[in-house]
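Reader: I should like to go through this model in a series of questions and answers. Please show the sequence and the structure before we begin.

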Amino acid sequence: MQANAKTGKPSGLSERGSDIVLVVFCSIILFIVAYPLYYILIASVSDPYDVYAGKTFLLPSQFTLEGYKAVFADSNILTGLLNSFKYTIVGTIFSVVMLYLTAYPLSVRSMPGRKWLSIFFIITMYFGGGMVPTYLVVKQTGLINNMWSLFLPGGVGVGNMIIVRNFFENSIPKEMTEASEIDGASKWITFIRIVVPLSRSIMAVMVVFSMVAYWNDWFTSMIYLPSPSRAPLPLVLRNILIKSSASASQASTISGGFAELNRMTEMIKFSSIIIAAAPMLVIYPFVQKYFEKGFMAGAVKG
(Lines give C-alpha, C1' and ligand atoms only; values in the text may rest on other atoms or scores of the structure.)
Protein backbone atom coordinates (compact mmCIF):
# COMPACT_ATOMS: atom_id res chain seq x y z
CA MET A 1 0.00 0.00 0.00
CA GLN A 2 1.53 3.35 -1.07
CA ALA A 3 1.52 6.48 1.16
CA ASN A 4 -0.21 9.68 0.07
CA ALA A 5 2.43 12.29 -0.92
CA LYS A 6 0.61 15.23 0.78
CA THR A 7 -0.77 13.71 3.99
CA GLY A 8 1.73 10.90 4.51
CA LYS A 9 -1.17 8.54 5.21
CA PRO A 10 -1.60 5.24 3.39
CA SER A 11 -3.63 5.56 0.22
CA GLY A 12 -6.09 3.06 -1.24
CA LEU A 13 -8.47 0.75 0.60
CA SER A 14 -8.13 0.16 4.32
CA GLU A 15 -7.61 -3.34 5.64
CA ARG A 16 -11.29 -3.59 6.57
CA GLY A 17 -12.33 -2.30 3.16
CA SER A 18 -10.09 -4.83 1.45
CA ASP A 19 -11.62 -7.62 3.52
CA ILE A 20 -15.13 -6.53 2.52
CA VAL A 21 -14.20 -6.44 -1.17
CA LEU A 22 -12.55 -9.86 -0.89
CA VAL A 23 -15.57 -11.38 0.88
CA VAL A 24 -17.97 -9.95 -1.71
CA PHE A 25 -15.80 -11.18 -4.59
CA CYS A 26 -15.46 -14.68 -3.11
CA SER A 27 -19.20 -14.81 -2.44
CA ILE A 28 -19.91 -14.03 -6.08
CA ILE A 29 -17.48 -16.74 -7.22
CA LEU A 30 -19.05 -19.21 -4.77
CA PHE A 31 -22.52 -18.43 -6.12
CA ILE A 32 -21.38 -18.88 -9.72
CA VAL A 33 -19.76 -22.23 -8.92
CA ALA A 34 -22.33 -23.65 -6.47
CA TYR A 35 -25.60 -22.48 -8.00
CA PRO A 36 -25.62 -24.89 -11.00
CA LEU A 37 -25.37 -27.86 -8.64
CA TYR A 38 -28.00 -26.37 -6.34
CA TYR A 39 -30.23 -25.80 -9.35
CA ILE A 40 -29.90 -29.46 -10.39
CA LEU A 41 -30.73 -30.50 -6.81
CA ILE A 42 -33.97 -28.51 -6.64
CA ALA A 43 -34.82 -29.48 -10.22
CA SER A 44 -34.54 -33.16 -9.28
CA VAL A 45 -37.36 -32.75 -6.73
CA SER A 46 -39.51 -30.42 -8.83
CA ASP A 47 -41.96 -30.89 -11.65
CA PRO A 48 -39.97 -30.65 -14.93
CA TYR A 49 -42.56 -28.38 -16.52
CA ASP A 50 -42.13 -25.88 -13.68
CA VAL A 51 -38.36 -26.15 -14.09
CA TYR A 52 -38.55 -25.19 -17.76
CA ALA A 53 -41.07 -22.46 -16.94
CA GLY A 54 -38.47 -20.84 -14.65
CA LYS A 55 -40.37 -21.41 -11.39
CA THR A 56 -37.46 -23.10 -9.57
CA PHE A 57 -34.87 -20.35 -9.46
CA LEU A 58 -34.35 -20.66 -5.69
CA LEU A 59 -36.91 -23.14 -4.32
CA PRO A 60 -38.43 -26.39 -5.57
CA SER A 61 -41.83 -26.29 -7.23
CA GLN A 62 -44.40 -29.07 -6.73
CA PHE A 63 -42.04 -31.19 -4.62
CA THR A 64 -41.79 -34.78 -5.84
CA LEU A 65 -39.43 -37.76 -5.47
CA GLU A 66 -40.72 -39.64 -8.49
CA GLY A 67 -37.38 -39.28 -10.30
CA TYR A 68 -35.44 -40.87 -7.44
CA LYS A 69 -38.04 -43.62 -7.07
CA ALA A 70 -37.77 -44.43 -10.78
CA VAL A 71 -33.96 -44.61 -10.58
CA PHE A 72 -33.85 -46.80 -7.47
CA ALA A 73 -36.59 -49.04 -8.84
CA ASP A 74 -34.06 -50.45 -11.30
CA SER A 75 -32.65 -53.74 -10.02
CA ASN A 76 -29.13 -52.89 -11.26
CA ILE A 77 -28.73 -49.72 -9.24
CA LEU A 78 -27.39 -51.42 -6.07
CA THR A 79 -25.04 -53.62 -8.10
CA GLY A 80 -23.77 -50.57 -9.97
CA LEU A 81 -23.21 -48.70 -6.72
CA LEU A 82 -21.20 -51.56 -5.22
CA ASN A 83 -19.20 -51.93 -8.43
CA SER A 84 -18.39 -48.22 -8.45
CA PHE A 85 -17.13 -48.34 -4.88
CA LYS A 86 -15.01 -51.41 -5.68
CA TYR A 87 -13.55 -49.96 -8.87
CA THR A 88 -12.91 -46.58 -7.24
CA ILE A 89 -11.17 -48.00 -4.18
CA VAL A 90 -9.03 -50.53 -6.07
CA GLY A 91 -8.27 -48.11 -8.91
CA THR A 92 -7.33 -45.27 -6.55
CA ILE A 93 -4.95 -47.45 -4.55
CA PHE A 94 -3.40 -48.84 -7.73
CA SER A 95 -2.99 -45.40 -9.36
CA VAL A 96 -1.49 -43.74 -6.27
CA VAL A 97 0.97 -46.62 -5.78
CA MET A 98 2.03 -46.43 -9.43
CA LEU A 99 2.42 -42.64 -9.21
CA TYR A 100 4.70 -42.97 -6.19
CA LEU A 101 6.76 -45.77 -7.73
CA THR A 102 7.41 -43.70 -10.85
CA ALA A 103 7.59 -40.18 -9.44
CA TYR A 104 10.04 -40.78 -6.61
CA PRO A 105 12.84 -42.34 -8.71
CA LEU A 106 12.46 -39.51 -11.26
CA SER A 107 12.83 -36.96 -8.45
CA VAL A 108 16.30 -38.31 -7.60
CA ARG A 109 18.65 -36.23 -9.74
CA SER A 110 21.46 -38.76 -9.49
CA MET A 111 19.43 -41.62 -10.97
CA PRO A 112 20.96 -42.92 -14.23
CA GLY A 113 18.75 -42.35 -17.28
CA ARG A 114 16.47 -39.95 -15.42
CA LYS A 115 16.27 -37.53 -18.34
CA TRP A 116 15.40 -40.18 -20.92
CA LEU A 117 12.81 -41.80 -18.69
CA SER A 118 11.16 -38.42 -18.16
CA ILE A 119 11.04 -37.86 -21.92
CA PHE A 120 9.56 -41.34 -22.40
CA PHE A 121 6.71 -40.54 -19.98
CA ILE A 122 6.09 -37.08 -21.45
CA ILE A 123 5.80 -38.50 -24.99
CA THR A 124 2.82 -40.58 -23.86
CA MET A 125 0.99 -37.36 -22.97
CA TYR A 126 0.98 -36.30 -26.63
CA PHE A 127 0.85 -39.57 -28.55
CA GLY A 128 -1.31 -42.66 -28.04
CA GLY A 129 -2.27 -45.75 -29.96
CA GLY A 130 -5.94 -44.84 -30.20
CA MET A 131 -9.09 -46.61 -29.11
CA VAL A 132 -9.05 -49.58 -31.50
CA PRO A 133 -5.39 -50.61 -30.97
CA THR A 134 -5.84 -50.21 -27.21
CA TYR A 135 -8.95 -52.37 -27.28
CA LEU A 136 -7.11 -55.06 -29.25
CA VAL A 137 -4.25 -55.05 -26.74
CA VAL A 138 -6.69 -55.35 -23.83
CA LYS A 139 -8.53 -58.15 -25.62
CA GLN A 140 -5.35 -60.08 -26.43
CA THR A 141 -4.24 -59.87 -22.80
CA GLY A 142 -7.55 -61.42 -21.67
CA LEU A 143 -8.78 -58.42 -19.72
CA ILE A 144 -12.16 -58.01 -21.41
CA ASN A 145 -14.92 -58.19 -18.76
CA ASN A 146 -12.25 -57.92 -16.07
CA MET A 147 -12.10 -54.93 -13.76
CA TRP A 148 -8.33 -54.63 -14.28
CA SER A 149 -9.04 -53.41 -17.80
CA LEU A 150 -10.12 -50.15 -16.14
CA PHE A 151 -6.76 -49.67 -14.40
CA LEU A 152 -3.87 -51.24 -16.30
CA PRO A 153 -4.10 -49.40 -19.67
CA GLY A 154 -3.81 -46.02 -17.95
CA GLY A 155 -2.11 -47.01 -14.75
CA VAL A 156 0.15 -43.94 -14.61
CA GLY A 157 -1.33 -40.50 -15.15
CA VAL A 158 1.73 -38.63 -16.42
CA GLY A 159 0.37 -35.19 -15.54
CA ASN A 160 -0.23 -36.28 -11.96
CA MET A 161 3.14 -38.02 -11.88
CA ILE A 162 4.88 -34.74 -12.75
CA ILE A 163 3.05 -32.98 -9.90
CA VAL A 164 4.12 -35.68 -7.43
CA ARG A 165 7.71 -35.59 -8.74
CA ASN A 166 7.85 -31.83 -8.23
CA PHE A 167 6.57 -32.28 -4.69
CA PHE A 168 9.29 -34.80 -3.90
CA GLU A 169 11.96 -32.52 -5.37
CA ASN A 170 10.86 -29.36 -3.54
CA SER A 171 9.16 -30.48 -0.32
CA ILE A 172 11.08 -33.54 0.90
CA PRO A 173 14.32 -32.45 2.61
CA LYS A 174 17.20 -34.23 0.91
CA GLU A 175 19.12 -34.12 4.19
CA MET A 176 16.59 -36.50 5.75
CA THR A 177 16.84 -39.09 2.98
CA GLU A 178 20.65 -38.81 2.93
CA ALA A 179 20.83 -39.19 6.72
CA SER A 180 18.61 -42.26 6.55
CA GLU A 181 20.88 -43.89 3.97
CA ILE A 182 23.99 -42.97 5.95
CA ASP A 183 22.45 -44.75 8.96
CA GLY A 184 22.24 -47.90 6.87
CA ALA A 185 18.69 -47.81 5.54
CA SER A 186 18.16 -49.00 1.99
CA LYS A 187 16.51 -46.77 -0.58
CA TRP A 188 13.33 -48.82 -0.26
CA ILE A 189 13.22 -48.40 3.55
CA THR A 190 13.95 -44.69 3.13
CA PHE A 191 11.07 -44.41 0.69
CA ILE A 192 8.61 -46.25 2.96
CA ARG A 193 9.58 -44.70 6.30
CA ILE A 194 10.67 -41.19 5.30
CA VAL A 195 9.23 -40.17 1.94
CA VAL A 196 5.73 -41.64 2.18
CA PRO A 197 4.88 -40.21 5.65
CA LEU A 198 6.15 -36.75 4.62
CA SER A 199 4.06 -36.72 1.45
CA ARG A 200 0.58 -37.23 2.86
CA SER A 201 -0.63 -33.90 1.53
CA ILE A 202 0.22 -34.66 -2.10
CA MET A 203 -1.12 -38.17 -1.58
CA ALA A 204 -4.48 -36.66 -0.62
CA VAL A 205 -4.45 -34.66 -3.87
CA MET A 206 -3.78 -37.76 -5.96
CA VAL A 207 -6.40 -39.74 -4.05
CA VAL A 208 -9.02 -37.09 -4.84
CA PHE A 209 -7.98 -36.89 -8.51
CA SER A 210 -8.07 -40.68 -8.90
CA MET A 211 -11.33 -41.15 -7.00
CA VAL A 212 -13.16 -38.58 -9.09
CA ALA A 213 -11.76 -40.03 -12.33
CA TYR A 214 -12.69 -43.63 -11.54
CA TRP A 215 -16.06 -42.76 -10.03
CA ASN A 216 -17.18 -40.79 -13.07
CA ASP A 217 -15.71 -43.09 -15.71
CA TRP A 218 -18.47 -44.88 -17.60
CA PHE A 219 -17.02 -44.90 -21.12
CA THR A 220 -14.13 -47.25 -20.33
CA SER A 221 -16.55 -49.61 -18.59
CA MET A 222 -18.89 -49.54 -21.54
CA ILE A 223 -16.05 -50.67 -23.83
CA TYR A 224 -14.31 -53.27 -21.68
CA LEU A 225 -17.06 -54.55 -19.33
CA PRO A 226 -19.94 -55.81 -21.51
CA SER A 227 -21.57 -57.76 -18.67
CA PRO A 228 -24.40 -55.75 -17.02
CA SER A 229 -23.46 -57.24 -13.63
CA ARG A 230 -20.06 -55.51 -13.83
CA ALA A 231 -21.33 -52.07 -14.85
CA PRO A 232 -20.47 -49.17 -12.49
CA LEU A 233 -23.05 -46.70 -11.25
CA PRO A 234 -22.54 -44.00 -13.95
CA LEU A 235 -23.04 -46.62 -16.68
CA VAL A 236 -26.13 -48.00 -14.94
CA LEU A 237 -27.59 -44.49 -14.65
CA ARG A 238 -26.84 -43.88 -18.31
CA ASN A 239 -28.64 -47.07 -19.27
CA ILE A 240 -31.63 -46.13 -17.11
CA LEU A 241 -31.80 -42.73 -18.79
CA ILE A 242 -31.62 -44.31 -22.26
CA LYS A 243 -34.40 -46.74 -21.36
CA SER A 244 -36.59 -43.85 -20.26
CA SER A 245 -36.04 -41.86 -23.45
CA ALA A 246 -39.24 -41.10 -25.30
CA SER A 247 -40.30 -43.33 -28.16
CA ALA A 248 -43.59 -43.90 -29.87
CA SER A 249 -43.88 -47.50 -28.71
CA GLN A 250 -43.17 -46.60 -25.07
CA ALA A 251 -45.51 -43.62 -25.06
CA SER A 252 -48.47 -45.73 -26.14
CA THR A 253 -48.10 -47.99 -23.08
CA ILE A 254 -47.90 -45.21 -20.47
CA SER A 255 -50.83 -43.33 -19.02
CA GLY A 256 -50.53 -39.78 -20.27
CA GLY A 257 -48.68 -40.80 -23.40
CA PHE A 258 -45.64 -38.95 -24.70
CA ALA A 259 -45.97 -35.97 -22.34
CA GLU A 260 -45.89 -38.14 -19.22
CA LEU A 261 -42.97 -40.20 -20.53
CA ASN A 262 -41.00 -37.06 -21.34
CA ARG A 263 -41.74 -35.69 -17.86
CA MET A 264 -40.43 -38.87 -16.22
CA THR A 265 -37.31 -38.83 -18.41
CA GLU A 266 -36.45 -35.31 -17.31
CA MET A 267 -36.89 -36.18 -13.62
CA ILE A 268 -34.67 -39.23 -14.02
CA LYS A 269 -32.03 -37.10 -15.73
CA PHE A 270 -31.83 -34.60 -12.87
CA SER A 271 -31.96 -37.32 -10.21
CA SER A 272 -29.19 -39.31 -11.87
CA ILE A 273 -26.83 -36.32 -11.79
CA ILE A 274 -27.34 -35.87 -8.05
CA ILE A 275 -26.98 -39.59 -7.28
CA ALA A 276 -23.74 -39.80 -9.28
CA ALA A 277 -22.23 -36.65 -7.72
CA ALA A 278 -23.30 -37.13 -4.09
CA PRO A 279 -20.54 -39.54 -2.89
CA MET A 280 -17.71 -37.31 -4.13
CA LEU A 281 -19.36 -34.22 -2.61
CA VAL A 282 -19.53 -35.98 0.75
CA ILE A 283 -15.91 -37.16 0.69
CA TYR A 284 -14.22 -33.99 -0.58
CA PRO A 285 -14.59 -31.81 2.58
CA PHE A 286 -12.61 -34.35 4.60
CA VAL A 287 -9.54 -34.06 2.37
CA GLN A 288 -9.87 -30.42 1.34
CA LYS A 289 -7.10 -29.05 3.59
CA TYR A 290 -4.64 -31.69 2.36
CA PHE A 291 -5.79 -31.12 -1.20
CA GLU A 292 -5.00 -27.39 -1.14
CA LYS A 293 -1.65 -27.78 0.62
CA GLY A 294 -0.45 -30.65 -1.54
CA PHE A 295 -1.58 -29.19 -4.84
CA MET A 296 0.22 -25.87 -4.26
CA ALA A 297 3.39 -27.63 -3.14
CA GLY A 298 3.33 -30.04 -6.04
CA ALA A 299 2.73 -27.27 -8.57
CA VAL A 300 6.04 -25.54 -7.78
CA LYS A 301 8.44 -25.90 -10.68
CA GLY A 302 11.66 -27.61 -9.71
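Reader: What percentage of the 302 residues in the protein chain is buried?

Author: The structure is a predicted model, in which local features need pLDDT of at least 70 and side-chain atom pairs count only at pLDDT 80 or more, while totals for chains, interfaces and linings use all residues. Residues are numbered from 1 along each chain as its sequence is written, and side-chain values use heavy atoms, with hydrogens and water left out. A residue is called buried under 20% relative accessible area, exposed over 50% and partly exposed in between, with a 1.4 Å probe and protein chains only. By that criterion, the buried share of the 302 residues in the protein chain is 36%.

Reader: How many helices and how many strands are there in the protein chain?

Author: Helices (H or I, at least four residues) and strands (E, at least two) are DSSP runs, numbered from the N terminus. From the N terminus on, the order of elements reads α-α-α-α-α-α-α-α-α-α-α-α-α-α. The count for the protein chain is therefore zero strands and 14 helices.

Reader: How far apart are the end C-alpha atoms of helix α1, and what span should its 30 residues have?

Author: The expected span of a helix is 1.5 Å times one less than its number of residues. For the 30 residues of α1 (residues 15-44) this gives 44 Å. The distance between the end C-alpha atoms agrees with that expectation, at 43 Å.

Reader: At which residue does α1 have a kink?

Author: The bend at a residue is the angle between axes fitted to the seven residues ending there and the seven starting there. In α1 a kink of about 40 degrees lies shortly before the proline Pro36. Buried residues of this helix include Tyr35 and Ile40. The kink is at Ala34.

Reader: How many salt bridges does a search of the whole structure find, and which residues do they join into one network?

Author: A salt bridge is a side-chain nitrogen of Lys or Arg within 4 Å of a carboxyl oxygen of Asp or Glu; the search finds three. Glu169 pairs with Arg109 at 3.9 Å, N to O, with Arg114 at 2.4 Å between the closest N and O atoms, and with Arg165 at 4.0 Å, N to O. Through shared partners, these salt bridges form one network of Arg109, Arg114, Arg165 and Glu169.

Reader: Where in the chain do the partners of Glu169 lie, and is Arg109 buried or exposed?

Author: Glu169 and Arg165 are four residues apart in helix α7, so about one helical turn separates them. Arg114 lies in helix α5, so its pairing with Glu169 ties together parts 55 residues apart in sequence. Arg109, in the loop between α4 (77-107) and α5 (114-126), is 60 residues from Glu169 in α7 (residues 158-171). Glu169 counts as buried at 9% relative accessibility, as does Arg114 at 18%, whereas Arg109, at 54%, is exposed.

Reader: Which element gives the most residues to the largest nonpolar core?

Author: A nonpolar core is a set of buried Ala, Val, Leu, Ile, Met, Phe, Trp, Tyr and Cys residues joined through side-chain atoms within 4.5 Å. The largest has 21 residues, and Val71, Ile77, Leu233, Leu237, Ile240 and Ile275 touch the most other members. Two or more residues come from each of α1, α3 (66-72), α10 (200-216), α12 (233-243) and α14 (257-298). The element that gives the most, with six residues, is α14.

Reader: Which residues is Phe191 in contact with, leaving aside its neighbours within four places in sequence?

Author: Phe191 lies in helix α9 (residues 187-198) and counts as buried at 7% relative accessibility. Contact means heavy atoms within 4.5 Å. With those neighbours left aside, the contacts of Phe191 are Tyr100, Leu101, Tyr104 and Val196.

Reader: Which residue in the loop between α2 (48-52) and α3 has a positive phi although it is not a glycine?

Author: Most residues other than glycine have a negative phi. Asn145, in the loop between α6 (131-140) and α7, has a positive phi of about 65 degrees and counts as partly exposed at 26% relative accessibility. In the loop between α2 and α3, a residue that counts as exposed at 54% relative accessibility has a phi of about 55 degrees, namely Gln62.
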